[in-house]
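Thanks for coming. I will go through one model today, helix by helix, and then turn to a few single residues.

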Amino acid sequence: MTLLTTVFAAIISTIIWYKNAPKDEMKIGVLCWLYWGASLMWFVDAIFEYMELQAEYFTPEPVDMLNDFYLGLSVVALGLIIWLAILLIKDPKGVVKASLFKKKN
């Protein structure tokens, strides 16, 4: 479930990035790299887990699937937090800078 969750997040972010590809003002490309990297990590984990469990790999317990899904959602949320931090630091539209240096009358 972790692999499936991060692959879906990677696909969705890649579609959004590709739709706005020439500009990329919101740094969606960074989000794509984060999610594709997480997907690759979970894919390697799945390969090694399959090598260990063999056929049992395809019959997980419901509790294990739910735990894996929550872990996948946590990875997606962490990716969003990292992306937001990068976005606020880079401030491509100058919104943060404008709000910090706004003069009061």
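**The first helix**

In H1, the buried residues are Thr2, Thr5, Thr6, Ala9, Ala10 and Ser13. Looking down the axis of H1, these buried residues fall within an arc of 130 degrees, so they line one face of the helix. There is a general reason behind such a pattern. An α-helix has 3.6 residues a turn, so residues three or four places apart point the same way. On the other side of H1, the exposed residues are Ile12, Ile15, Tyr18 and Lys19. Please keep in mind that this is a predicted model.

H1 itself runs over residues 2–19, which makes 18 residues. From its first C-alpha to its last, H1 reaches 26 Å, close to the 26 Å expected at 1.5 Å a residue. What sits over the buried residues of H1? The cover includes helix H2, residues 28–53, and helix H3, residues 62–90.

Thr6 is a good residue to look at here, and it lies in H1. Its relative accessible area is 0%, so Thr6 counts as buried. Which residues does Thr6 touch, leaving aside neighbours within four places in sequence? The contacts are Tyr35, Ala38, Ser39, Trp42, Gly72 and Val75.

**The second and third helices**

Next is H2, with 26 residues. H2 spans 37 Å from first C-alpha to last, close to the 38 Å expected at 1.5 Å a residue. Its buried residues are Ile28, Gly29, Leu31, Cys32, Tyr35, Ala38, Ser39, Trp42 and Ala46. Four of the names should be familiar from the Thr6 contacts: Tyr35, Ala38, Ser39 and Trp42. H1 and H3 are included in what covers the buried residues of H2.

Leu40 is also in H2. Is Leu40 buried or exposed? At 55% relative accessibility, Leu40 counts as exposed, because the cut-off for exposed is over 50%. If you want a sense of distance, Leu40 and Leu100 are 60 residues apart in sequence and 39 Å apart in space, C-alpha to C-alpha.

H3 has 29 residues and reaches 42 Å between its first and last C-alpha, close to the 42 Å expected at 1.5 Å a residue. Buried in H3 are Gly72, Val76, Gly79, Trp83 and Leu87. The cover over these buried H3 residues includes H1 and H2.

**Positive phi in the loops**

Now the backbone. Most residues other than glycine have a negative phi, and most peptide bonds are trans. Here are some residues with a positive value.

Lys27 is found in the loop between H1 and H2. Its phi is near 55 degrees, a positive value in a residue other than glycine. With a relative accessible area of 28%, Lys27 is partly exposed.

Gln54 follows H2 and is placed in the loop between H2 and H3. Phi of Gln54 is near 60 degrees, again positive in a residue other than glycine. Gln54 is partly exposed, at 42% relative accessible area.

Asp91 follows H3, and its phi is positive, near 50 degrees. Where is Asp91 placed? It is in the loop between H3 and helix H4, residues 95–100. Why does Asp91 count as buried? Its relative accessible area is 17%, and buried means under 20%, so Asp91 meets the cut-off. Neighbours within four places in sequence aside, Asp91 is in contact with Val96 and Lys97. Asp91 and Gly79 lie 12 residues apart in sequence and 18 Å apart in space, C-alpha to C-alpha.

**The largest pocket**

Last item. How much space lies in the largest pocket? About 390 Å³. The pocket is lined by 15 residues, and the closest to its centre are Met1, Glu49, Tyr57, Pro60 and Asp68. The elements that give two or more residues to the lining are H1, H2 and H3. Which element gives the most? H2 does, with five residues. By class, the lining has eight nonpolar, one polar and six charged residues.

That is what I have, so I will stop there and take questions.

Conventions
Residues numbered from 1 in each chain as written. Predicted model: local features only at pLDDT ≥ 70, side-chain atom pairs only at ≥ 80, totals over all residues. Heavy atoms only, no water. Helix = DSSP H or I, 4+ residues; strand = E, 2+ residues; numbered from the N terminus. Expected span 1.5 Å × (residues − 1). Buried < 20%, exposed > 50% of the residue type's maximum accessible area, 1.4 Å probe, protein only. Arc of directions from axis to C-beta. Contact = heavy atoms within 4.5 Å. 1 Å grid on protein atoms, 1.4 Å probe; cavity = no way out; pocket = protein on both sides within 12 Å on 5 of 7 lines; lining within 4 Å. Points joined across faces, edges and corners; volume = space filled by probe spheres on them. Nonpolar A, V, L, I, M, F, W, Y, C, P; charged D, E, K, R; others polar.
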